[in-house]
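Me: Hi! Could you walk me through a few spots in this one? I have it open on my screen.
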Amino acid sequence: MDSASIRIWKEWFTRRVDFAWGIDKTRVVEGRLMLGAWGHDDNPASAIGFLAHEMAHLVEIDDRRATVDNFGLRYKRVMRLPPTRYSTGIYADPMTTQGVERECRVIAISMRILGAIGWSEHAQHEDSERTIHALRILMDWYNIPSRRNDEARREWCRKKVARALQQWSVERVRAEWWRKVVLVTKRLERAERRVR
Ligand SMILES: [Zn+2]
């Protein structure tokens, strides 16, 4: 992905909804919703993958949390202690797969975004695999039902992603993106008026 593509990429953003490379947390800064893009612009391909992921979170999140720090998502990380005779050393709590399921929807949405800026299906799938691999750090990874190993869990995730891809066309993703941009803009403008 070259700098020209990044300029095209910028067409998705506005004065109120923006991003910065290297910030790891999405939050409102001086009247703008700044999406955190973990990557760096010296490795634009992976950086854009991270950015598309964060954009997809905005698309997926309920309206109420659109301007909350990190969209109000506080995923617990897996706690790994040394295994003993009585325990695997892995503690997963609470017993839900909500976090992983949300991430699977977000992966599908981000694939649509990457497709919209010209990424090949192959590149989209590579990015999806990279993200699915990263889900192991989420606590509820180990709650994925009756699956014994990581590869089986990844397969479970791939199916969730495939299902979400059926529900999220690129048109739906675009429409929801711009609906959220308008919503966020109005909310931030209202907050500014209150301050004055
Ligand atoms: Zn995520």
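Me: Leaving aside neighbours within four places in sequence, what is Ile-61 in contact with?
Reply: Happy to help! Bear in mind that this is a predicted model. Apart from those sequence neighbours, Ile-61 is in contact with Ala-66 and Phe-71.

Me: And where does Ile-61 lie?
Reply: You'll find Ile-61 in the loop that runs between helix 2 (44-60) and strand 4 (79-80).

Me: Is Ile-61 buried or exposed there?
Reply: Ile-61 counts as buried, because it has 20 C-beta neighbours inside 10 Å and the cut-off for buried is 20 or more.

Me: How far is Ile-61 from Arg-102, going by C-alpha atoms?
Reply: Their C-alpha atoms are separated by 9.1 Å, although the two residues are 41 apart along the chain.

Me: Switching topic: how many residues does helix 6 have?
Reply: Helix 6 has 26, covering residues 170-195. From first C-alpha to last it reaches 38 Å, close to the 38 Å expected at 1.5 Å a residue.

Me: Which residues of helix 6 are buried?
Reply: Those are Val-173, Trp-177, Lys-180 and Val-184.

Me: At what angle do helix 3 and helix 6 pack?
Reply: Helix 3 (residues 98-116) packs against helix 6 at about 95°, and their axes are 9 Å apart. The two are therefore roughly perpendicular.

Me: Nice. Which residues make that contact?
Reply: Helix 3 brings Ile-109, Arg-112, Ile-113, Gly-115 and Ala-116, while helix 6 brings Val-170, Val-173 and Arg-174. By type, the contact has 5 nonpolar, 1 polar and 2 charged residues. Val-173 is also one of the buried residues of helix 6.

How values were computed: Residues are numbered from 1 along each chain as its sequence is written. This is a predicted model: local features need pLDDT of at least 70, side-chain atom pairs count only at pLDDT 80 or more; totals for chains, interfaces and linings use all residues. Helices (H or I, at least four residues) and strands (E, at least two) are DSSP runs, numbered from the N terminus. A residue is buried if 20 or more other C-beta atoms lie within 10 Å of its own, exposed if 12 or fewer, and partly exposed in between; C-beta atoms are placed from the backbone. Two residues are in contact if their C-beta atoms, placed from the backbone, lie within 7 Å. The expected span of a helix is 1.5 Å times one less than its number of residues. Axes are lines fitted to C-alpha atoms, for helices over the stretch in contact, and angles run from 0 to 180 degrees between N-to-C directions. Angles under 35 degrees count as roughly parallel, over 145 as roughly antiparallel, 65 to 115 as roughly perpendicular and the rest as oblique. Ala, Val, Leu, Ile, Met, Phe, Trp, Tyr, Cys and Pro count as nonpolar, Asp, Glu, Lys and Arg as charged, and the others, Gly among them, as polar.
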